[in-house]
Amino acid sequence: MVSIIPRDQLKRHMILPAKTETHLLSIEKEFVAKERLNRYNLAPKQKILLYGPPGCGKTLSAERIAWNLGLPLLKVRFDSLLSSYFGESASNLREVFDYCKREPVVLLLDECDFIAKSRVSIHDVGEVPRIVNMLLTLLDEYEAPGLVIATTNLKIALDEALFRRFDDVLEIPIPEISERVRLIEMTLSAMPVSPDVNYQDLANNMDGCSSANVVLTVQRAAKICVMNGSKNINSAHFEQALSEMTKF
Ligand SMILES: Nc1ncnc2c1ncn2[C@@H]1O[C@H](COP(=O)(O)OP(=O)(O)OP(=O)(O)O)[C@@H](O)[C@H]1O
Ligand SMILES: [Mg+2]
């Protein structure tokens, strides 16, 4: 339900559009400048909501923020939290937030898609409205030495009440062609590449793919190369990897 990822195990290399990268950097810089801001009665952004399509780096962004700030990541899985014993999920969530008051961590509320659904069902009985209400209270009361980052796949149809409780709401978008080229370069950084490989064409062929898909396809091509005993990765390896990708 809750796991702590120590800083040295966090992933941190990611490719983002310049605007998104600048936005994430500004969150990190404010946090580092906390004391300077406090002197002027200002506070850094501490409650962040990341949204966007699957596999484009929401969880990775949280890891990277934690790494850059030198903090461990405390990850809460809402699916398992919600399936905990009836009535216990809200108090479990409170315990997690209590821990964060004492320890400087990045608290990641991962895949909490239910928060993007309107609270129309608030009068329902059951765990979801209970936990949404608890989350509202906990975010209101949040005063901690670290950060809290929530992620959701769903487009913001966010309840206004919940929306207001975040200091910043940021989209992690699907990669455009230039990001796909950089993702290919990043994934191939340790591979010898044949001159017949054209990154631009490859990136064009992966139009509409998530970042995760681009990385996986390139890794698949790299594996084909290694398993074939080839001395460098060539366009035929990519063709095979791309054709396998379309099967899924
Ligand atoms: N922007 C990115 N730059 C580099 N690698 C990425 C990026 N986005 C995703 N990846 C790769 O894909 C993997 C999955 O990404 P991640 O878990 O962050 O996606 P997500 O947005 O949280 O998806 P989901 O909505 O399914 O939880 C990462 O571990 C990484 O290998
Ligand atoms: Mg994720």
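**Entry 1: strand E2.** I began with E2 and found that four of its five residues are buried, so the strand is largely enclosed by the rest of the structure. I note here that I am working on a predicted model. Looking next for the pairing partners of E2, I found that E5 runs parallel to E2, with five bridges between them, and that lysine 47 has valine 148 of E5 opposite to it. E2 also pairs in the parallel sense with strand E6, residues 168–171, here over four bridges, and I looked up leucine 49, whose bridge partner in E6 is valine 169.

**Entry 2: helix H3.** I then turned to H3, which covers residues 58–69 and has 12 residues; from its first C-alpha to its last the helix reaches 17 Å, which is close to the 16 Å expected at 1.5 Å a residue. Is H3 mostly covered or mostly open? I found it mostly covered, as nine of its 12 residues are buried. The buried set holds nonpolar residues such as Leu60, Ile65 and Trp67, but I also wrote down Lys58, Glu63 and Arg64, which are charged and buried as well. Which elements do the buried residues of H3 pack against? I listed helix H1 (18–32) together with four strands, E2 (47–51), E3 (73–77), E4 (106–110) and E5 (147–152), and so met E2 again from the side of the helix. After H3 comes glycine 70, for which I noted a positive phi, near 70°.

**Entry 3: nonpolar cores.** The largest nonpolar core has 37 residues, and I noted Ile65, Val106, Leu107, Leu108, Leu109 and Ile149 as those with the most contacts inside it. Helix H6, residues 127–141, gives the most to this core, with five residues. I followed leucine 108 further and, leaving out residues up to four places away in sequence, found that it touches Ala62, Leu73, Leu74, Lys75, Val76 and Ile149. I also recorded a second, separate core of 17 residues, with Ala203, Met206, Val218 and Cys225 among its members.

**Entry 4: the surroundings of ligand 1.** Last, I asked which residues are the closest to ligand 1. Of the 18 residues that surround this ligand, the closest are Gly57, Thr59, Leu60, Ser211 and Ala212. The elements that give two or more residues to the shell are H3 and helix H10 (211–228). By class I counted nine nonpolar, six polar and three charged residues in this shell.

Conventions
Residues numbered from 1 in each chain as written. Chains lettered and ligands numbered in written order. Predicted model: local features only at pLDDT ≥ 70, side-chain atom pairs only at ≥ 80, totals over all residues. Expected span 1.5 Å × (residues − 1). Buried ≥ 20, exposed ≤ 12 C-beta atoms within 10 Å, placed from the backbone. Contact = placed C-beta atoms within 7 Å. Pairing = 2+ DSSP bridges. Core = buried A, V, L, I, M, F, W, Y, C linked by C-beta atoms within 7 Å. Near = placed C-beta within 6 Å.
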